[in-house]
Amino acid sequence: MPSSSASTTDAAKPTSGSGGVQSLERAFDLLERMADAGGEVGLSELSASSGLPLPTIHRLMRTLVACGYVRQQTNRRYALGPRLIRLGESASRLLGTWARPYLARLVDETGETANMALLDGDEVVYVAQVPSKHSMRMFTEVGRRVLPHSTGVGKALLATLPPGEVRELLARTGMPAATDKTITTPDRFLAALDDVRAAGYAVDDNEQEIGVRCLAVPIPGSPTAAAISISGPAGRVTEAATDRIVPVLQEVAGALSEVLTNATS
């Protein structure tokens, strides 16, 4: 039997607990660590955060570069590569497909437009929507990107992050005012996130668009930071309506969480 078939390198051996291939698990772990670090890192940073030796990381990164999933910068640091974009776009579309029945349930039970959004880098991107049946309804184009500080879904998503990370994000994006109701200072915004955590839901009260209110909750346990929301005219999405709508949002978010968790396990 040829020696190449008789032996297996350490990097390609199945892991003891999961039955997976160790080199694949390590490669995807490195990609996720790069994303968590903002998309660009050095080998020493990856070694420190992952605990892997530099030669192992260098070998894995060389393979990822050859495949186009990572690229080496002129400063010798490594950045996420363009081939990941196609994978991400396909995954987002699939995520939206899974979410639509749950968003349709939100529309049926609340009467308002339902949305699903992800935190992609420093921005919120809408990946699915089911419109209200009312003649006066809110519409957000799927694929639209907005800054998180002025939206209900953005608040719901950022409330799951440590305050220090939120401050860094706000410093990168700035906090431009979409309306005169938009929160435009980090301290006020962090205080608003405390309210979100205490209440269990986020509110956009005329902060993205005058006359529009939005209620949002994060999807617990989602493999990527995600939130769902309803939006409608402020005259319909009142404080009284909020008491009725929020429990529905939370219930649907829990049901959607189970679907996403099972799909990725």
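1. In this predicted model, strand S5 (residues 123-130) and S6 run antiparallel and are joined by 2 bridges. One pairing can be checked by residue: Val125 has Arg145 in S6 as its bridge partner.

2. These two strands belong to an open sheet of 6 strands. The order is S6-S5-S4-S9-S8-S7. Pairing in this sheet is antiparallel. Its edges are strand S6 (145-146) and strand S7 (202-205). Each of these edge strands pairs on one side only.

3. Which elements give two or more residues to the lining of the second largest pocket? They are strand S8 (212-218) and strand S9 (226-233). S9 and S8 also stand next to each other in the order of the 6-stranded sheet.

4. The second largest pocket itself has a volume of about 230 Å³. It is lined by 15 residues. Closest to the pocket centre are Thr140, Arg144, Gln208, Glu209 and Val212. By class, the lining holds 5 nonpolar, 7 polar and 3 charged residues.

5. A second open sheet has 3 strands, in the order S1-S3-S2. Here too the pairing is antiparallel. Strand S1 (40-41) and strand S2 (70-72) are the edge strands, each pairing on one side only.

6. Within the 3-stranded sheet, S1 pairs with strand S3 (residues 78-80) over 2 bridges, in the antiparallel sense. Val41 stands opposite Tyr78 in S3.

7. Two helices should be viewed together with the 3-stranded sheet. Helix H2 (residues 22-36) lies across S1, S2 and S3. H2 runs at about 90° to S3. H4 also packs on the sheet, where it touches S2 and S3. The direction of H4 makes about 105° with that of S2.

8. H4 has a helix partner as well. Helix H3 (residues 43-50) packs with helix H4 (residues 54-67) at an angle of about 115°. Their axes are 9 Å apart. The crossing of H3 and H4 is right-handed.

9. Which residues make the contact between H3 and H4? H3 contributes Leu43, Ser44, Leu46, Ser47 and Ser50. From H4 come Leu54, Ile57, His58 and Met61. The contact residues divide into 5 nonpolar and 4 polar, with no charged residue. The pocket lining of point 4, by contrast, includes 3 charged residues.

10. To recap, the points above cover an open sheet of 6 strands and an open sheet of 3 strands. H2 lies across S1, S2 and S3 of the 3-stranded sheet, while H4 touches S2 and S3.

Key: Residues numbered from 1 in each chain as written. Predicted model: local features only at pLDDT ≥ 70, side-chain atom pairs only at ≥ 80, totals over all residues. Heavy atoms only, no water. 1 Å grid on protein atoms, 1.4 Å probe; cavity = no way out; pocket = protein on both sides within 12 Å on 5 of 7 lines; lining within 4 Å. Points joined across faces, edges and corners; volume = space filled by probe spheres on them. Helix = DSSP H or I, 4+ residues; strand = E, 2+ residues; numbered from the N terminus. Nonpolar A, V, L, I, M, F, W, Y, C, P; charged D, E, K, R; others polar. Axes fitted to C-alpha atoms, helices over the stretch in contact; angles between N-to-C directions. Left-handed = near helix turned anticlockwise from the far one by under 90°. Contact = heavy atoms within 4.5 Å. Pairing = 2+ DSSP bridges.
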